[in-house]
Amino acid sequence: MSELLRAVWRYRHFILSSVKNDLKARFARSRLGAAWMVLQPLAQVAIYSVVLSRVMGAKLPGTTNQYAYSIYLMAGMLAWSLFIEVVTRSLTLFVDNGNLMKKIYFPRATLPFIAVGSALVSNLMLFVATIFIFAIVGHPPTWALLWLPLLMAINVAFSLGIGLLLGVINVFVRDVGQVMAVILQLWFWITPIVYMPSILPAGFGRVIAANPLYYIVSAFQNVLLYGRGPDLLPLVWTALGSIFLLAIAFLMFRRAAPEMVDVL
Amino acid sequence: MPNILEVNGLGKAFRDYGSEFKRFASWFGVRVTPRHEHWVLREISFSVGRGEAIGIVGQNGAGKSTLLKLITRTLMPTEGTVAVHGRIAAILELGMGFSPDLSGRQNVYHAAGLMGFSREQIDTAMPEIEAFAEIGEYFDQHVRTYSSGMQMRVAFSVATAFRPDILIVDEALSVGDSYFQHKCFKRIKEFREQGTSLLIVSHDSGAIQSLCDRAVLLQGGRVVRDGDPVEVMDAYNALIAERENSTMKVERLETGQVQTTSGTFEAVVKGIRLHTMEGEQIEFVDVGQDVELRIDVEARADIPRLVLGYMIKDRLGQPVFGTNTFHTRQVVDDVPAGCTVSYVARFTMNLGPGSYSISTALVSTDTHLVDNYEWRDLALIFTVANHSHAHFVGSAWIPPKFDIKSTP
């Protein structure tokens, strides 16, 4: 493991420049450029706000702001967009970089770092935009925001764990990528992002409780909407579970690495 | 001094597990027998000393690319080891990882980073990279706007910006125009003089013989020959010509050179000699002397169509001149078994001083790849000396007439 980290450290410039190039390449020749990183999720928020604010607006106890539902949505969406970006990118990480891996030797462990780095940058931009919009609608930031770096770290550990595990399997069994597209859509709807857990029928509560992402998303919502710290106990469990998952994923990645190029 | 590259008992198999779940299980220590193993390389052992240049030759599918991938560590060996003491640079896939939406300069940072260099190291080498690529202001424009030649120039400049301990070059390497190609070869030669080892993969016997100290012939995933480039290339040529019922013979001549003959031997060269126009047999020829090359061919089976070809090669095995009776439209038809056909080729020895060899080929058409009756390397060795002309160098004799004027 230390050998892996050393290689990553030696390649830190490469990782940084790759993240930069990745972002640059993604928005090359588009007029609005990097703004799209923010505009896409915000547009989604706007759509849900317009369609659902009447239905959902009244269901948020303890808030006085008339835009409370939109704020709730943006908080959840901030967490979700980080999750979905890390998962989808790691899922196709090795398949997308197959050609490079076949031709040039470089520490393969740099690839997840590049994916996470680029996802983090776009998420941070979304965060800045979110805070800016919050200020406009009269919802100033609070000290609870200091929780965010930790929450993002847990979020990344969880998403990278899942993404990397499936990404390695995806190299050998490509169906994984297809199946995940469907599962991720379902996952979005079993996570309280556009709705509140309180509106669900009793039996459904258990499904939500079994969803680790729920604890991460609700922590984002607590911090951003209510300005209070997250529920610690479930968050600690989620964090431990995520780290375990990530460790398994890295172990699997190391075992698979010698055979990966054979089938790419 | 330790060898810079040691390949020991190297083998690579591609495994088919039938079910991928078995493969996953095998990573976690479960013993699984693959349904099918396809060995691409087996028991490969050789070493490369510091400053040595080695050519790797072999037919398509012999395992050359796999071997290179194992050496550059993009593939992991199934058995055996590759030990590298130093930095490897490979010029295999130039321009891999270039992004069309970045400028040449940005791509250089990226590509050199991929090779593991730090920002500072790249900054230091950047002016030299830019100068070597010679693409002017294009260097700061998007790679999208480059011609493929310009992309190659930048890619080669980065790949060789830092002198490696061992440089791997693929023959398929065509680096743009011939001006730049010369520049590339010059750089490769400079690296060699500074102690870089070379590993060259090629089909081109010229490149192998002029650049390499040693050659390794791969066939069916194994090393079948490892030695002097001239003799390995001869074996390789024989291998190409080999047909189902043909065999290959290798003999060591009195001179210490190794003669390779191959083919079906349905027709063989019985004798080959150089004569003066007066009929005297010679081994030493003066520059510009008229000579007769006499070749007697014996048919051991009925030959429907016989073509004789010969090739004069220099000391390094580079072809100097070659032709055959197909091109001169002097094909002999229907030669019965037991018959001897005598050929006399008259020509002027317009060669520079040095030792030369003649290879012969007996075939039915213009290439030895169809019916190869006999292919004989080093069939005759002769020496050209300059007795009667002004001093000159080179392997061709192209005497000039100088017209000299001095204008005050």
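**Chain B and its interface with chain A**

B:H391 lies in the segment that follows β21 (372-385) of chain B. The model is a predicted one, and this residue serves as a way into chain B. B:H391 counts as exposed because its relative accessibility is 72%, and the cut-off for that class is over 50%. A second residue of the chain, B:F46, stands 345 residues from B:H391 along the sequence. In space, 43 Å separates the C-alpha atoms of B:H391 and B:F46.

From this residue the view can widen to the whole of chain B. The chain has 408 residues, and 48% of them count as buried. Its secondary structure consists of eight helices and 21 strands. Taken along the principal axes, the C-alpha trace of chain B spans about 80 × 75 × 45 Å. Among contacts in chain B with a separation of 6 or more, 70% are between residues 24 or more positions apart. The surface that chain B exposes amounts to about 19,800 Å², and carbon and sulfur atoms supply 50% of this area.

The next step is the interface with chain A. Here 33 residues of chain A are in contact with 32 residues of chain B. The size of an interface is often expressed as the accessible area lost when the parts come together. For chain A and chain B, the area buried between them is about 2,900 Å², with 64% of it coming from carbon and sulfur atoms. On the chain A side, the residues that lose the most area to chain B are A:K103, A:Y105 and A:D262; together they make up 20% of what that side buries.

A:D262 also takes part in a specific pairing across the interface. Its side chain meets that of B:K12 in a salt bridge, with an N to O distance of 3.1 Å. This distance satisfies the rule because the cut-off is 4 Å. The rule finds one salt bridge across the interface of chain A and chain B. For polar contacts, the count between the two chains is four residue pairs, both residues being at pLDDT 80 or more.

The side of chain A that touches chain B can also be described by its elements. Those that give two or more residues to it are α2 (12-27), α6 (98-103), α8 (148-172) and α12 (232-263) of chain A. Of these, α12(A) gives the most, with nine residues. Sorted by class, this side of chain A has 19 nonpolar, five polar and nine charged residues.

Key: Residues are numbered from 1 along each chain as its sequence is written. Chains are lettered from A and ligands numbered from 1 in the order in which they are written. Side-chain values use heavy atoms; hydrogens and water are left out. Contact means heavy atoms within 4.5 Å. Buried area is the accessible area (1.4 Å probe) that two parts lose on being put together, summed over both. A polar contact is a pair of N or O atoms within 3.5 Å; within protein, one must be able to donate a hydrogen and the other to accept it, and residues adjacent in sequence count only if both atoms are side-chain atoms. Helices (H or I, at least four residues) and strands (E, at least two) are DSSP runs, numbered from the N terminus. Ala, Val, Leu, Ile, Met, Phe, Trp, Tyr, Cys and Pro count as nonpolar, Asp, Glu, Lys and Arg as charged, and the others, Gly among them, as polar. Buried means under 20% relative accessible area, exposed over 50%, partly exposed in between (1.4 Å probe, protein chains only). Accessible areas come from the Shrake-Rupley method with a 1.4 Å probe; for residues, only the protein chains shown count as cover.
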